[in-house]
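Student: Could you take me through one part of this model closely, the open sheet and what packs around it? I would like the terms explained as they come up.

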Amino acid sequence: MVKISEKLRLGEVVLKVGHLKEMAGFYQEVIGLTLMEENDQFVRLGVRGSDEALLVLKKIDNAVVPEVPRIGLFHTAFLLPTRESLADVLVHLAQSGYPIDGAGDHAYSEALYLHDIEGNGIEIYADRPKKSWMRDGEGNLPMVTEQVDVDDLLKNATGKAFTGMPNGTIIGHVHLQVSDADKAEQFYKEALGMNLTTAIPSARFFAAGDYHHHIGSNVWAGRHINNRQENEVGLAWFTIITPDKEIITTHLKQQGYEVKYVGNTISVIDSNGIMIHFK
């Protein structure tokens, strides 16, 4: 079985949007991303000090927000470099007045959750030191969600004026909304060779190396949801950057997946109908 390199990391997440200007403003003013490039059709956003985009917004015509849950994005997860930067983001969000859906302490990380103005889920989180992560006898991580100790977190805020997400912020993971968790496991574990790090009947989490997860998947919206329509806003694709792209390409073809080439990028549709670009 193929085993994907532990050097895997996530690249840009691409969203189809109906209100390009407003969405770009939200991700800059509320989330704190930095504008890298824009025109009438797309906006590229990242963080200061880096030339790699984290999020790309692509305008689509006659866009509509789906009235029912669709296969696609559960949330894009922005990983901050320090707990202090997470505290600063929490202060900023509170001052902005934008509603936060909640917060979760997952033992290996502390996370804030919200949705953008077109309904796409967002997680902003900071990892705890890896040596403190709780693992079972097989090395897997339990699925734990406790309340964040907000008072303790806020003690770490720097008190400085918020100027955006700091250098070192990356896409830590992408959590997908799927219709079949077993099919997700077949693709990300068997076809891509990622490690299954946490599994419950309704959700699976996968990682390269010993990270807690680079990909999450769940069926919490139901097991009969359908793929997004062309004119519906939401996830267009997400990007995996890996040094063994060619090995993965060969294995995907052997597994019966159609692989398309766009320059130096390969594109594949996963077992739930979600597009991934490999670079």
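Tutor: Let us begin with one pair of strands: strand E3 (residues 42–46) and strand E4 (residues 55–59) pair in the antiparallel sense over four bridges, where strands are DSSP runs of E with at least two residues, helices are runs of H or I with at least four, both numbered from the N terminus, and two strands pair if DSSP finds at least two bridges between them. This is a predicted model, in which local features need pLDDT of at least 70 and side-chain atom pairs count only at pLDDT 80 or more, while totals for chains, interfaces and linings use all residues. Residues are numbered from 1 along each chain as its sequence is written, and side-chain values use heavy atoms, with hydrogens and water left out.

Within this pair, Val43 stands opposite Leu57 in E4. Leaving aside neighbours within four places in sequence, Leu57 is in contact (heavy atoms within 4.5 Å) with residues including Leu15, Val17, Tyr27, Phe42 and Val43. Leu57 is also listed, with Tyr27 and Leu252 among others, as having the most contacts inside the largest nonpolar core, which has 66 residues. Such a core is a set of buried Ala, Val, Leu, Ile, Met, Phe, Trp, Tyr and Cys residues joined through side-chain atoms within 4.5 Å, and buried means under 20% relative accessible area, with exposed over 50% and partly exposed in between, using a 1.4 Å probe and protein chains only. Apart from that core lies another, of ten residues, among them Ala77, Tyr108, Trp133 and Tyr211.

Stepping back to the sheet, eight strands form an open arrangement in the order E2-E3-E4-E1-E14-E17-E16-E15, with mixed pairing. Strand E2 (34–38) and strand E15 (259–262) stand at the edges with a single partner strand each, so one side of each is left without a neighbour in the sheet. From one strand to the next, the twist averages 25°.

At the E15 edge, four bridges join E15 to E16, and these two strands run antiparallel. Here Lys260 stands opposite Ser267 in E16, and in the hairpin of E15 and E16, with two residues between the strands, Gly263 takes a positive phi near 65°. Helix H5 (residues 245–254) lies across E15, strand E16 (265–269) and strand E17 (275–278), running at about 145° to E15; axes are lines fitted to C-alpha atoms, for helices over the stretch in contact, and angles run from 0 to 180 degrees between N-to-C directions.
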